[in-house]
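Biologist: I have just opened this one and don't know my way around yet. Could you walk me through it?
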Amino acid sequence: MTDAFLADIEAQAETVRAELSQQRDNARRALDGLPVQRVGLVGSGDCLFAARAVERLYAETLPHPVRALTSLDAAHYVQWRPGDIAVVMSVSGESSRVVEAATKARAGGATTIAVTSRTGSALADATDRCTTMAQPLNRELPHARDYTVTLLALGALLEAMAADSAPELDRWADAVETTLDSAADVVRGLGAASGATWFLGAGPDLATAHYGALKYWEASGMPAWPDEIEEFGHGAIVQARPGDRAVLISAGLGAETIARAVSALDAIGVEPLTIGPESPPHGASGIVTTLLGTTAWSPFTSCLPIQSLTHAEVSARGLDASKPFGSHPAASTYELAHISWTRGHRLDGPRKAEARP
């Protein structure tokens with residue numbers, strides 16, 4: 001069933017083209033008459049990584065404080081106040097802690113904006129305003145298209161907050177096609193990693209590294225871990241083993257920094273693979289991405305090779321990415337734990353666990 005996963009990946013360029021105008025209209029309506037002061041971008045899982053991926057872009061564009069927040073932080077540790085804007089994201093709109101975060105932000109006086117695919121969801125009901133994303137194609141797959149659709153909604157909201165157009169969004173669909181073509185050429189020649197895969201990012205692409213590890217876990221519980229490129233060399237490198245693969249997401253770091261990291265990885269027998277707008281160091285494999293603007297825009301394209309790599313790894317291992325946690329022997333147990341943890345209750349007490357929509 002990995003063909004459904006591939007179809008989800010390949011649908012992204014056309015989805016961006018089809019949805020861009022609508023998302024801009026949605027964002028303008030959601031922000032209409034709303035003064036922008038302090039901004040919180042709130043989510044869990046992919047939505048959290050999307051928030052962290054655009055945090056730097058928002059901070060560079062807006063003259064207001066911007067923070068990407070976990071739903072737990074937003075629900076229990078942040079003091080929301082009047083004038084704040086809380087952009088609260090969940091594709092399904094049913095993540096318990098995200099709904100709680102929206103409720104707490106609203107109670108503190110913040111204006112809450114839901115980013116979700118379901119207008120009748122618990123999240124949409126808990127917020128002041130709502131911008132609706134394209135409906136998912138298949139929520140049982142590692143989320144590829146849903147992630148880029150979330151980035152699209154966040155990009156459109158940023159335009160509306162800044163009251164200025166972002167031509168980078170107009171170029172994005174073409175860049176999706178170009179980057180996925182580049183990724184397909186490289187991953188076709190890669191076999192499955194014989195050990196774990198390390199996703200190493202920097203700056204805004206630290207979020208992309210976390211997104212990459214999550215795709216591997218969702219696909220079939222494949223061993224994968226995220227870290228920052230420099231910090232990996234300070235500690236986690238001792239956990240790497242010969243036969244592991246390290247994916248370095250490298251926009252803006254410069255050839256010398258990446259070459260040094262690649263050399264160190266080679267020395268311990270870890271296979272390096274670079275993702276970024278620059279060509280890989282001599283002798284290393286790399287996927288070249290299209291950079292839309294400054295490096296703050298890198299996550300809009302650096303996520304795409306991660307998806308292709310996940311698909312290739314699942315295919316090489318003969319795993320089924322169409323099931324939650326794929327072919328993991330304890331997949332059903334993990335799925336029940338996931339649902340109980342993330343969907344099992346609301347502020348008003350226990351709620352019967354439900355299947356993911």
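Modeller: Gladly, and please keep in mind that this is a predicted model. A good place to begin is Tyr 58, which, when residues up to four places away in sequence are not counted, touches Leu 41, Val 66, Leu 154, Leu 157, Leu 158 and Met 161.

Biologist: Which residues have the most contacts inside the largest nonpolar core?
Modeller: Those are Leu 41 and Tyr 58, and the core they sit in has 81 residues. Helix α7, covering residues 145–162, gives the most to this core, with 10 residues. Apart from that core lies another one, of 18 residues, which includes Val 88, Val 98, Ala 101 and Ala 114.

Biologist: OK, on to the sheets. What is the strand order in the one with β1?
Modeller: That is an open sheet of five strands with parallel pairing, and the order is β2-β1-β3-β4-β5. Its edge strands, each pairing on one side only, are β2 at 66–70 and β5. From one strand to the next, the twist averages 20°.

Biologist: How many bridges join β4 to β5?
Modeller: Four bridges join them, with β4 made of residues 111–116 and the two strands running parallel. Within this pair, Ile 113 stands opposite Arg 129 in β5.

Biologist: And which helices pack on that sheet?
Modeller: Helix α2, residues 12–31, is one of them, and it touches β3 (85–89), β4 and β5, its direction making about 175° with that of β5. Helix α3, residues 46–61, packs on the sheet as well, touching β1 (39–43), β2 and β3, and its direction makes about 170° with that of β2.

Biologist: I clicked on Thr 131. Is that buried or exposed?
Modeller: Thr 131 is found in strand β5, which spans residues 129–132. This residue counts as buried because its relative accessible area is 2%, while the cut-off for buried is under 20%.

Biologist: What is Thr 131 in contact with?
Modeller: Leaving aside neighbours within four places in sequence, Thr 131 is in contact with Gln 23, Asn 26, Ala 27, Ile 113, Ala 114, Val 115, Thr 116 and Leu 157.

Biologist: Now the other sheet, please. Which strands are at the edges there?
Modeller: This one is also an open sheet of five strands with parallel pairing, in the order β7-β6-β8-β9-β10. The edges are β7 (224–228) and β10 (285–288), each of which pairs on one side only. Neighbouring strands of this sheet are turned by 20° against each other on average, direction ignored.

Biologist: How many bridges are there between β8 and β9?
Modeller: There are five, and the strands, β8 at residues 245–249 and β9 at residues 271–276, pair in the parallel sense. Ala 246 stands opposite Pro 272 in β9. Helix α8, residues 167–187, packs on the sheet and touches β9 and β10, with its direction at about 165° to that of β10. Helix α11, residues 255–267, likewise packs on the sheet, where it touches β8 and β9, and its direction makes about 160° with that of β9.

Biologist: Last topic, pockets. How much space lies in the second largest one?
Modeller: About 280 Å³ of space lies in it. The second largest pocket is lined by 13 residues, and the closest to its centre are Leu 6, Glu 10, Leu 180, Ala 184 and Ser 308.

Biologist: Which element gives the most to that lining?
Modeller: That is α8, with five residues in the lining of the second largest pocket. The elements giving two or more residues to this lining are α1 (2–10), α8 and α12 (299–317).

Definitions and conventions. Residues are numbered from 1 along each chain as its sequence is written. This is a predicted model: local features need pLDDT of at least 70, side-chain atom pairs count only at pLDDT 80 or more; totals for chains, interfaces and linings use all residues. Side-chain values use heavy atoms; hydrogens and water are left out. Two strands pair if DSSP finds at least two bridges between them. Axes are lines fitted to C-alpha atoms, for helices over the stretch in contact, and angles run from 0 to 180 degrees between N-to-C directions. Contact means heavy atoms within 4.5 Å. Buried means under 20% relative accessible area, exposed over 50%, partly exposed in between (1.4 Å probe, protein chains only). A nonpolar core is a set of buried Ala, Val, Leu, Ile, Met, Phe, Trp, Tyr and Cys residues joined through side-chain atoms within 4.5 Å. On a 1 Å grid over the protein atoms alone, a cavity is a set of points where a 1.4 Å probe fits but cannot get out, and a pocket is an open set with protein on both sides within 12 Å along at least five of seven lines; lining residues have an atom within 4 Å of a point. Grid points are joined across faces, edges and corners, and a volume is the space filled by probe spheres set on the points.
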